[in-house]
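Work through the exercises below with the sequence and the coordinates open. Each task is followed by a solution in steps.

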Amino acid sequence: MASFLIAFHGECTDSVEKRPWHVPRPNAGCQMPVRPDRTPARHGGRSRAVQPAGAGRDTMVPDARTAMPASDAARVAAELALTLALYRWVVSPVTAWCAVRLGTGRYPAEALNGAYPEGAFRPRKLLAAGAVVAVLSAVAAVCGGTARAGLAWVPTVALALVLWKYLTLDYDAALGIGWQRADRLAVLVAGAAALRWPCLALVAVVLLCGRLGGWTHHSNVCIRMVKAAFCHSLAVGVTHALGEAPAAPRNTALAILLGSVYLSHYVTAAWSKAKLGRFPWSWMLDNRTDLLVATSYSWGWARFVPARTASRVVRRLRPAAALLNSATMFIELAGLLAFAHIWLFLFAVLGAVLFNCVVALTSGLLFWENIVIGVVLATSSVFVSHGDPIHFGMWPWLLSVVLMALVLAGWAWRPNILGWWDTPLSAKVLWSVQTSDGETYGLYNDFMSPHDREYARAAGNALIREPLVTFPLGGVEDSDIRDVLVGARPCDEDIDQAKILFGTTVRDERRAERHIDYICKLLAAVNSGRPKSPLPRALRWLKAPGGHLYYWGDLPRYRRSKGHISRVEAWYREELYASEQGEWIRLRDELLVAVDIPATSTN
């Protein structure tokens with residue numbers, strides 16, 4: 001594998017140095033063997049004749065006006081510190097403030113992570129947000145560091161991914177289509193410009209978050225990479241303006257920054273798991289990860305697989321749960337050692353990619369953005385320019401660990417806390433529709449795009465009068481609740497007791513009314529023929545994948561070709577996976593609301 005990477009990274013003709021990445025050797029500093037009359041062979045490239053002092057790029061002429069630290073480590077640390085300060089106290093607050101000004105909706109009373117717009121932007125708020133973003137973009141254009149090849153492609157691809165995702169999401173058919181088309185056009189123009197001129201990246205991010213809901217969990221890594229690269233560009237410009245010190249190794253600084261953004265999401269997840277139990281290793285030894293597969297199947301993932309086959313998979317995973325948990329923690333914590341060596345970096349990034357693939361296969365949670373950008377990050381790191389290599393070793397590792405510590409302390413970006421105990425109980429609101437010819441179909445979350453994430457999780461919970469004790473997919477944070485639910489049997493009263501002791505009633509009459517009103521408007525608009533997809537019929541295969549693949553259930557999936565909808569029903573369902581029997585036991589299946597839908601819209 002090493003020879004394969006080296007062969008594609010550059011021809012290695014000098015035996016004195018065949019590594020394409022710089023890892024300082026102990027007690028040797030950064031020096032490499034020198035052949036007579038030649039400069040050191042640089043990271044797999046050909047050696048060259050010695051040039052006169054001051055003529056070669058490796059020669060640094062001292063300057064009395066130099067104000068920055070002399071060592072590469074100090075210069076990288078200074079750039080990263082300034083980048084983090086800009087991110088934490090300038091760019092991130094500005095992005096949030098501007099996005100809120102542009103997105104002022106109340107879906108359906110408020111969404112899971114924030115508000116979606118309910119109409120066209122207000123000119124006054126647009127001008128306020130636009131003025132702030134324009135100032136930062138102008139500063140980035142004038143003072144920002146010039147992007148180079150190599151790792152500079154990573155934030156570019158990250159922005160392209162989120163643009164693809166949100167530009168191809170469905171329209172919200174319950175609302176007007178005209179302003180939604182205008183939003184997509186504005187994001188398309190701003191995004192295309194930002195791909196060409198990175199100084200405009202903040203404009204695209206603000207529009208994505210404010211008008212198209214780009215703040216959702218699955219896009220966090222890509223959005224943060226774009227913002228971090230924007231901040232780094234400003235930091236490079238500021239350091240050059242402060243003095244004429246030689247530039248820090250650009251690819252090294254970017255690798256530490258972007259790698260830390262990516263890997264910190266997994267380190268944070270491991271940290272949250274370590275705090276769940278009595279000991280840091282309790283989650284590894286005690287969590288029933290096999291039950292995540294069971295509840296995901298109940299939730300709607302891979303229901304095309306027969307229940308007997310799915311149960312066989314769950315049973316075979318049960319003895320391997322502790323091993324799977326240990327591998328999960330090992331991969332998530334690998335980010336703490338990533339910058340000690342290139343192979344540790346590749347292991348951490350590609351391990352996270354593999355972990356996301358396994359999660360998607362077993363639970364239907366598809367972090368495809370993380371998968372793609374992880375592959376791009378690893379590939380770009382391998383094929384980075386010889387002239388500006390990525391340094392690994394003690395000081396890059398120390399800088400990355402400091403960044404991780406700041407993230408865990410909440411002083412940088414703030415990844416979602418992804419740590420819970422898996423249980424066999426799932427509780428969810430399901431929607432079904434009846435067509436004019438009397439057929440009944442399931443209304444699954446893929447049809448609810450652009451709100452497919454909400455309908456895959458907690459949308460509709462305001463309709464439930466029953467106390468809830470689990471998160472979506474059956475997770476809990478309290479080990480006492482876990483013990484009760486894992487030991488529960490279908491015929492005993494353990495679950496009812498858990499609801500009394502630990503349950504929370506989330507019924508909200510106002511939100512329930514708004515939710516029902518929204519569903520009725522949406523389906524009436526669908527009956528009237530209002531378009532949902534922004535793509536022509538022949539190009540709808542270009543729509544980006546969803547992140548919550550709960551597209552199946554007891555009923556066949558509804559499509560417009562099935563006919564007009566005459567009635568919609570919301571059902572509350574509780575299911576318990578009985579491990580001993582290998583069966584899903586339905587504990588509750590009650591009708592919450594049923595509403596007749598007119599055949600055509602009156603709007």
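## Exercise 1: a helix pair

Helices α3 and α6 are roughly antiparallel to each other, as their crossing angle shows, since angles over 145 degrees count as such. The model is a predicted one.

Task: determine at what angle α3 and α6 cross, and which residues make the contact.

Solution.
1. Take α3 as residues 123-143 and α6 as residues 201-211.
2. The two axes cross at roughly 150 degrees and come within 8 Å.
3. On the α3 side the contact is made by V133, L136 and S137, and on the α6 side by L202, V203 and V206.
4. Sorted by class, the residues of this α3–α6 contact are 5 nonpolar, 1 polar and no charged.

## Exercise 2: a second helix pair

Task: find how α17 and α18 are oriented, which hand their crossing has, and what classes of residue make up the contact.

Solution.
1. Helix α17 covers residues 479-486 and helix α18 covers residues 494-502.
2. Their axes lie 9 Å apart, and the packing angle is about 160 degrees.
3. Because angles over 145 degrees count as roughly antiparallel, α17 is roughly antiparallel to α18.
4. The crossing of α17 and α18 is left-handed.
5. From α17, the contact uses D480, I481, V484 and L485; from α18, it uses D494, I495, A498 and F502.
6. The class count for the contact of α17 with α18 is 6 nonpolar, no polar and 2 charged residues.

## Exercise 3: the four-stranded sheet

Task: give the strand order of the open sheet of 4 strands and identify its edge strands.

Solution.
1. The order is β3-β2-β5-β6, and the pairing is antiparallel.
2. The edge strands are β3 (440-442) and β6 (583-596), each of which pairs on one side only.
3. From one strand to the next, the twist averages 30 degrees.

## Exercise 4: pairing along the sheet

Task: go through the sheet pair by pair, stating how many bridges join β3 to β2, β2 to β5 and β5 to β6.

Solution.
1. Between β2 and β3 there are 3 bridges in the antiparallel sense, and S432 stands opposite G442 in β3.
2. These two strands form a hairpin with 4 residues between them, and G438 in the turn has a positive phi of about 90 degrees.
3. Strands β2 and β5 run antiparallel and are joined by 11 bridges; here Q434 is opposite R567 in β5.
4. Strand β5 (residues 565-578) pairs with β6 over 12 bridges, again antiparallel.
5. Two positions in this register are W571, opposite L591 in β6, and E574, opposite R588 in β6.
6. The β5 and β6 strands also form a hairpin with 4 residues between them, and the turn residue G582 has a positive phi of about 65 degrees.

## Exercise 5: burial and the whole chain

Task: decide whether β2 is largely enclosed or open, and then describe the protein chain as a whole.

Solution.
1. A residue counts as buried when its relative accessible area is under 20%.
2. In strand β2 (residues 425-435), 10 of the 11 residues are buried, so β2 is largely enclosed by the rest of the structure.
3. For the protein chain, buried residues make up 52% of the 603 residues.
4. The protein chain has 19 helices and 6 strands.
5. Of the contacts in the protein chain with a separation of 6 or more, 80% are between residues 24 or more positions apart.

Note on methods. Residues are numbered from 1 along each chain as its sequence is written. This is a predicted model: local features need pLDDT of at least 70, side-chain atom pairs count only at pLDDT 80 or more; totals for chains, interfaces and linings use all residues. Side-chain values use heavy atoms; hydrogens and water are left out. Axes are lines fitted to C-alpha atoms, for helices over the stretch in contact, and angles run from 0 to 180 degrees between N-to-C directions. Angles under 35 degrees count as roughly parallel, over 145 as roughly antiparallel, 65 to 115 as roughly perpendicular and the rest as oblique. A crossing is left-handed if the near helix is turned anticlockwise from the far one by less than a right angle, and right-handed if clockwise. Contact means heavy atoms within 4.5 Å. Ala, Val, Leu, Ile, Met, Phe, Trp, Tyr, Cys and Pro count as nonpolar, Asp, Glu, Lys and Arg as charged, and the others, Gly among them, as polar. Two strands pair if DSSP finds at least two bridges between them. Buried means under 20% relative accessible area, exposed over 50%, partly exposed in between (1.4 Å probe, protein chains only).
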